Amino acid sequence: MSAVTGVRAGLRSDCLGAALPAPRVSWRIVDAPAGAVQDAAELRLVRDGEVDSVALDGADQNLVDWPFAPLRSRERTVLTVRSRVAGEWTAWSAPLEVEGALYEPHDWQAPLVMPSASFPHRTRPSWLLRASFTLDEAPVRARLYATAQGVFVPSLNGAAVSDEVLAPGWTSYDHRLRYRVHDVTALLRAGENVLGAELADGWFRGNIGFDGGVWDEYGKHVGLLLQLEVTGADGVARIVALDDAWRTAPGPATSAGLYEGEVHDARLLPPGWDAPGFDDAAWTRPELRQADELAARLEPAINEPVRVIETLAPVSVETRPNGRIRLDFGQNISGVLRVRIDAPAGRTVTLHHAEVLEDGELGTRPLRRAVSIDSFTSAGEPETWQPRHTVHGFRYAELEGWPGELGDGDVVAAVIHTAMERRGWFACSDPLLERLHENVVWSMRDNFVDLPTDCPQRDERLGWTGDIQVFAPAAEFLYGADGVLASWLRDVAAQQGPDGWVPNFVPWLECGFPSGASAAWGDAAVVVPWVMWQRRGNRGVLERQWPSMTAWVEHLLLRIGADDVVEDSMELGDWLDPAAPPEDPGAARTDKYLVASAYAVRSARLVAQAAEVLGRAPERERYAAVADRVLAGMRRRWLDDLDGLAHAPTALALVIGFDLARDDDEQRRAGALLSAAVREGGHRVQTGFVGTPIICDALASTGHLDDAYALLLQTECPSWLYPVTMGATTIWERWDSMLPDGRINPGDMTSFNHYALGAVVDFLHRVVAGLAPAAPGYREVEIRPRPGGGLTSASARHLSPYGEIHVSWRIVGDELALDVELPVGVTGVVTLPDGTTEAVASGSHTFRGAARAPRKETLR
Ligand code: BGC
């Protein structure tokens, strides 16, 4: 019997404080007969005891427009969905409680509670804040609307309010500050109650950015904004007035910085400080500021929170000659240590972190100014502690000053990132390729700590636009990245200049990096929303980002010179081409203006396509014309002489991948030149940020699949698998972040955890395993495995908006056996290596055919 499952309203998994008053609704259908489709659906919303029911015709089940009147602030509703599949109605889905957030600025009454004076530029302490209040009765319902300027950990009557870490995360606070809504009913009681929080600088006021970074970027004072609302037996919700109740005292962290680490002195934490009965007479009154001006910038979080996702036990423990205990967690992560310490009062344990070892010692040079050292001073009681206001990128740690022997379970690594749903998997017969894929998964996890960053360890951890621009398709396959990306794109739009300029990283900081926009980086404003539309069918993001997308292309128009190509702009080009010297990563083989012009064509075309989706015909014409104009300029400048690009694989890959060739012949010619270039280069990587994500596709689509596999399976440096052979557990920033002799690359920019070059996994999913989207949201899929490189099997699994899609092939003798599973709502076209093609509907299918393509590969 078919059933409706996975009902969602909006992008988060919970709907307490729905991010939008009209959240889009999605659901999946399971257990349906093969080939079945939904022909109608009914959505039912119970609000104020009334039932509102809307019938929808057709097969839509992904991000369907909210068909009811918008939610009001705090409104509580219950949503259920049923579908008619092959003429039969399913049962109603499990009910989903959808509760409104605070949508009007005047909904906010609580003041911003500010404990501190301003400070000189150094790592600063944390603050404790508490407000004691009395309730006549235990509430029927209670909500805490919570955010801060800084990072904070709220509690009620001594119990944690949530398991969120580093709340409220990082946005461009001058434009947006996200809050979350917590159900705190169970934590309150009749009589005295205490709302508490520990507050530290975080991104708001701490040191962030490279080259010395910035301090006090968003203000000189941290502050806490907690609005507690309780509903009693009379059913009326009331804001608990806490203004006079707030008291503050210095916290137990004597210094806490995201890069620096946290110094925690447990002796400074007064027992029972956040519980009733505590005497706070010696605490001071914090400054209160009405949040009126702030209220306009407050918005309910659209993305999932950052949490401790799992803990890892060390895979090896070793006592060093200097007495330190070294731990190897076997995996490079973003997170902190959780330690169980039983030590005399005043004993300090210091925790050091590093991604790699060099000369037998922690290799901390790549961290640059990010000291990444935490310390804990005992109050004399056994305690389990983990830092609360910092995060590090590390695989190895050393404990200094540990009291006695280290017992099993005394130290674990807590893995910290945004709690995203896992959506994509890949397996194949080559263990190195599988490890490469696993490394990409980890680099994504480690760099999705609330926003998409370049790296999790050194004094950057910034939302570099170019990195996510190339990685977005992989991200959308592997995890439910939509919330993180949608939130971040709002900052992109908010920080875009009046002329459409897109900062090279977002949130943008003035810390010395040239502020000119660069191609492939700024294009994230167009490409990321487009990928979200393609991969998740998220039309809402196109609508919302439309002004930002078009502004970027308008900005490009300002950079197009008399010859109709982009010139004289600040360009990062094919960043980190292996031919570029360590100190000049932009000195690539491919002309940076060719890269910039190719991206201008691509972005203009994508905006034209988005106009088509959104029914904006005049803009479609306008941007299609921009693309044609730049392409014509490119032809005159570079492309009429393809042979002149023979030395520049990225240029050739752009011609093919961005569809810049005049016709099939020219495309084929570019493919032949590219194949010759990669052979000449011994199938080692000769491309940077721009060429690397597209080169395998460019080869495979022009009949050079074998070259694509040879590149992919290369183990000599530079290659994707070289780091794997060196024991990498994440994707490195440079192909040779670790040199073959085990030394760390001397370049100043040497991270062991950058996802950008891992964008190639999208090729593994689409081409090697053969699971590619052919319509937005995988409504249609192209299943076309292309075995090669000696692989005997490969498979990919993806939790699409409609349900799980599974493609798996193996070679038996000369034959390829292919298994395909499609959920309701998805159709596919299967093409076997021998060219046989068949259309398939939902259900399980098995195919067999010759494992190799007929001798002459067809073009594209
Ligand atoms: C970052 C990159 C970024 C690049 C661009 C680096 O420091 O880590 O990933 O895209 O700068 O300049």
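**Note on the fold, salt bridges and backbone details of the chain**

1. Among contacts in the chain with a separation of 6 or more, 73% are between residues 24 or more positions apart. The coordinates come from a predicted model, and each point below should be read with that in mind. As to secondary structure, the chain holds 15 helices and 43 strands.

2. On overall dimensions, the C-alpha trace spans about 85 × 70 × 60 Å along its principal axes. The radius of gyration of the chain is 28 Å, which agrees with the value near 29 Å that a compact globule of 860 residues would have.

3. Turning to burial and surface, 62% of the 860 residues of the chain count as buried. The chain exposes about 30,000 Å², and 49% of this area is supplied by carbon and sulfur atoms.

4. The charged side chains of the chain comprise 81 positive and 119 negative ones, and yet the centres of the two sets lie 1 Å apart. How many salt bridges does a search of the whole structure find? The search finds 72, and three of the pairs are taken up in the points that follow.

5. Arg324 and Glu398 form a salt bridge in which the closest N and O atoms are 2.8 Å apart. This pair links distant parts of the chain, since Arg324 lies in the loop between β24 (316-319) and β25 (325-341), whereas Glu398 belongs to strand β31 (residues 392-400), 74 residues apart from its partner. Glu398 counts as buried because its relative accessible area, 2%, falls under the 20% cut-off.

6. A salt bridge also joins Asp564 to Arg629, with 2.9 Å between the closest N and O atoms. Here too the pair links distant parts of the chain: Asp564 is placed in the loop between α7 (539-559) and α8 (592-613), Arg629 is in helix α9 (residues 617-637), and the two are 65 residues apart. The two partners can be set side by side in their accessibility, for Asp564 counts as buried at 17% relative accessibility, while Arg629, with a relative accessible area of 34%, is partly exposed.

7. Where do Asp762 and Arg766 lie? Both are in helix α15 (residues 761-769), four residues apart, or about one turn of the helix. Their side chains meet in a salt bridge with an N to O distance of 2.7 Å, and both Asp762 and Arg766 are buried. Elsewhere, Glu318, Arg320, Arg324, Arg326, Glu361, Glu398 and Glu400 are joined into one network by salt bridges that share partners; the pair of Arg324 and Glu398, described above, has both of its residues in this network.

8. Thr231 is a residue of strand β16 (residues 223-231). With a relative accessible area of 6%, Thr231 is buried. When its neighbours within four places in sequence are left aside, the residues in contact with Thr231 are Pro139, Val140, Arg141, Val236 and Ala237.

9. Two peptide bonds that lead into proline deserve a look in the backbone. The bond from Ala167 to Pro168 is cis, with omega near 5°, and Pro168 is placed in the loop between β13 (159-160) and β14 (177-183). The bond from Val506 to Pro507 is likewise cis, with omega near -5°, and the place of Pro507 is in the loop between α5 (482-495) and α6 (524-536).

10. Which residue in the loop between α5 and α6 has a phi near 75°? The residue is Ala520, where phi is positive although the residue is not glycine, and Ala520 is found in the loop between α5 and α6, the loop that also holds Pro507. Ala520 is classed as buried because its relative accessible area is 3%, under the 20% limit.

11. Arg368 likewise has a positive phi, near 50°, in a residue other than glycine. This arginine is found in the loop between β28 (361-362) and β29 (373-377). The relative accessible area of Arg368 is 24%, so the residue counts as partly exposed, given that buried residues lie under 20% and exposed ones over 50%.

Definitions and conventions
Residues are numbered from 1 along each chain as its sequence is written. This is a predicted model: local features need pLDDT of at least 70, side-chain atom pairs count only at pLDDT 80 or more; totals for chains, interfaces and linings use all residues. Side-chain values use heavy atoms; hydrogens and water are left out. The radius of gyration is taken over C-alpha atoms; the globule rule is 2.2 Å times the number of residues to the power 0.38. Buried means under 20% relative accessible area, exposed over 50%, partly exposed in between (1.4 Å probe, protein chains only). Contact means heavy atoms within 4.5 Å. Accessible areas come from the Shrake-Rupley method with a 1.4 Å probe; for residues, only the protein chains shown count as cover. Lys and Arg count as positive and Asp and Glu as negative; His and the chain ends are not counted. The place of a charge is taken as NZ of Lys, CZ of Arg, CG of Asp or CD of Glu. A salt bridge is a side-chain nitrogen of Lys or Arg within 4 Å of a carboxyl oxygen of Asp or Glu.
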